[in-house]
Amino acid sequence: MLFAFWTLVPIVWMILSSLKYQTGMFEMPPTIIFDPNLTNYHDVLVGDTPVVSNITNSVIVAVASTAVATFFGAIGGYGLSRTDISGKKHLAFWIISTRMAPMAVVIVPLWFLFRYADLLGTRVGLVIVYSTFNVPFAIWLMRSFFDEIPVSIEEAAIVDGATRWEAFRYVSLPLAAPGLGATAIISLIFAWNDFLFALVFTGQDTQTLPVAVASMQSLGGLGWGTIFASGTLVIIPVAVFGYIVRDYLVSGLSMGAVKE
Amino acid sequence: MASVTLDNVSKVFDEDIVAVDNISLNINDGEFVVIVGPSGSGKSTTLRMVAGLETPSDGDIYIGSDNVTGGSARTRDIAMVFQNYALYPHMTVQENIGFGLKLSTTLDQSEIDDRVNEVADLLGIEPLLDKEPKELSGGQQQRVALGRAIVRYPEAFLFDEPLSNLDAKLRNEMRTEIKRLQQELEVTSIYVTHNQAEAMTMADRVVVMHEGQIQQVGTPEEIYEDPANRFVAEFIGEPSMNCVAVDVEVGPDSVVLKNTRSETDFEYRLPPEMADHIGLAEGDSVTAGVRPEDIVFVNPEDDRKNTMGIEVNVFEPMGSDNYHYFSVAGQEWTGRTGSSKEYSAGENVQITFDLDDLYLFDEHGKTLKSKGVGVEASHAPEA
């Protein structure tokens, strides 16, 4: 309860404030019952400081990097789970070890790499960065899901006349759907919420929403209403997506999703 | 339908774990063969090699006249029933049974549905066709797994301990069901189990495996009455055969098998001509064996030879039978009688058994004498 209170109060305050005029925002104690208005949303969507293009950037980058991570996570996780190669443990560790360094450490080398590859300020660059961080994690997560699926089910499919690919496609992959859901939402949240990489690697045209929101602060400190409104817009898609896949997420993160 | 042949097949895991050691076996078209053995005997590995789920390290496997040794499981046209049923949890019963037809044939959906319905009818599972596996009981899941195997009219059925997850009553029911289906469909079948009762009741021929090798191949009767060695003799039969190590003493008019190394002596006289057939000589060490149901509890008024005094340690009524546990020459023995005979723990009784029912094994475990009294029961070691 306390935790829920602690986490939700700032969010509720932000959402309520986004519906108020500037004058009512900082009243103490905050008013809960008031006459809401959508001026701030009007401002950020069609007004002086529109963030529509930033939202578009965020959606494209987050969805693309999530798709990449989920796809390679499924393929790589399946391979890691099912093949019996020597040094498999080392390979698995190597894959996850790429996530162990603090993100700030890789920023400088990546910046130089991207400059040479002409990827600075592009959405593709950002998709590559997010995928770099999400794919190892996705592989590990999907691997543990495939480990839970009894091999005999695939063997049954192969004896039934399926190729390895068909056994994966029609039997194992559908059974790992909770894993796909969990992998997708975790990747999406990472990409959608990221500020650091987006700040460093995007240009004016490709700025994502979190960067745009932050940059409003520097415009004279007067844009609290637009900050709150766009902050709310940042939260909504992830909250909605999380709500849709919440069952997957619960069973996904607690494992044991596939029982015979 | 086709015959299945294994020709000097071996399987070695991790370069030094020999799971199957150079076995050869020919299974005739339409035959029901049960491979039985304890855990780790290589029986499941053998089956998986026939299925194509493992590749032999050495040797060849033929289905019909085709050498399928290196080929994929999907091209062998065999069907397999797994121990855990391995149903596809996200598909309905209908889809589970039809899955193989969809992938491996050119039948259209309505033809597939017809075949699935036909098989469901045969197995009595039509009402379940729209359900998912998790809604079914163990027995129903087993039937669906059978349906999935039958529907493809395969060259051969492979069963990997299909009944071991079922309770006793259901197991007996399904045992009869599988046997009935096999006889009706006349499909070559290989059935792997560690349960010797399944082996004895279902098989046309039983293959007993131990430590990766075939110990014996024969009809259930042959395996039971004429075991090739002590392992087979002890493995087949419930409760298992009573055994005791004995020394051979050759006397003027009989040959005595003796063990006097503990409180309850074992002493059994053989006619000299039989000892001769078997090739027993003074001072030989052999193992004597007798099945629990062949132990005779002697009434005091009976005049029987070769009796031994024992004290009953434990008495277990089993309903139709009674089990008596006692010690002979330091070995735990079991005597099985009808429910009318009952000796309680602590009671002193005389036991014996007929010469017919005596088994003898040499020091390597090879059978010297099986059931019977004639020459056919003797397996004299080759000179």
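**Exercise 1. Classify Lys371(B) by its accessibility and explain why it falls in that class.**

Solution. Lys371(B) is partly exposed because its relative accessibility is 26%; buried means under 20% relative accessible area, exposed over 50%, and partly exposed in between (1.4 Å probe, protein chains only). The model is predicted: local features need pLDDT of at least 70, side-chain atom pairs count only at pLDDT 80 or more, and totals for chains, interfaces and linings use all residues. Residues are numbered from 1 along each chain as its sequence is written, chains are lettered from A and ligands numbered from 1 in the order in which they are written, and side-chain values use heavy atoms, without hydrogens and water.

**Exercise 2. State what Lys371(B) touches outside its neighbours within four places in sequence.**

Solution.
- Step 1: Apply the contact rule, heavy atoms within 4.5 Å.
- Step 2: The partners of Lys371(B) are then Glu225(B), Asp294(B), Asp356(B), Asp357(B), Tyr359(B) and Ala377(B).
- Step 3: With Asp357(B), the side chain of Lys371(B) makes a polar contact of 2.6 Å (a pair of N or O atoms within 3.5 Å; within protein, one must be able to donate a hydrogen and the other to accept it, and residues adjacent in sequence count only if both atoms are side-chain atoms).
- Step 4: For a distance across the sequence, take Glu222(B): 149 residues separate Glu222(B) and Lys371(B), yet their C-alpha atoms are 9.9 Å apart.

**Exercise 3. Describe the interface between chain B and chain A by its contacts and buried area.**

Solution.
- Step 1: On chain B, 21 residues are in contact with 18 residues of chain A.
- Step 2: The two chains bury about 1700 Å² between them, and carbon and sulfur atoms give 63% of this; buried area is the accessible area (1.4 Å probe) that two parts lose on being put together, summed over both.
- Step 3: Arg74(B), His90(B) and Leu103(B) lose the most area in chain B, together 31% of what that side buries.

**Exercise 4. Find the salt bridges and polar contacts between chain B and chain A.**

Solution.
- Step 1: The rule, a side-chain nitrogen of Lys or Arg within 4 Å of a carboxyl oxygen of Asp or Glu, finds two salt bridges across this interface.
- Step 2: One salt bridge joins the side chains of Arg152(B) and Asp160(A), at 3.2 Å from N to O.
- Step 3: Nine residue pairs between the chains are in polar contact, both residues at pLDDT 80 or more.
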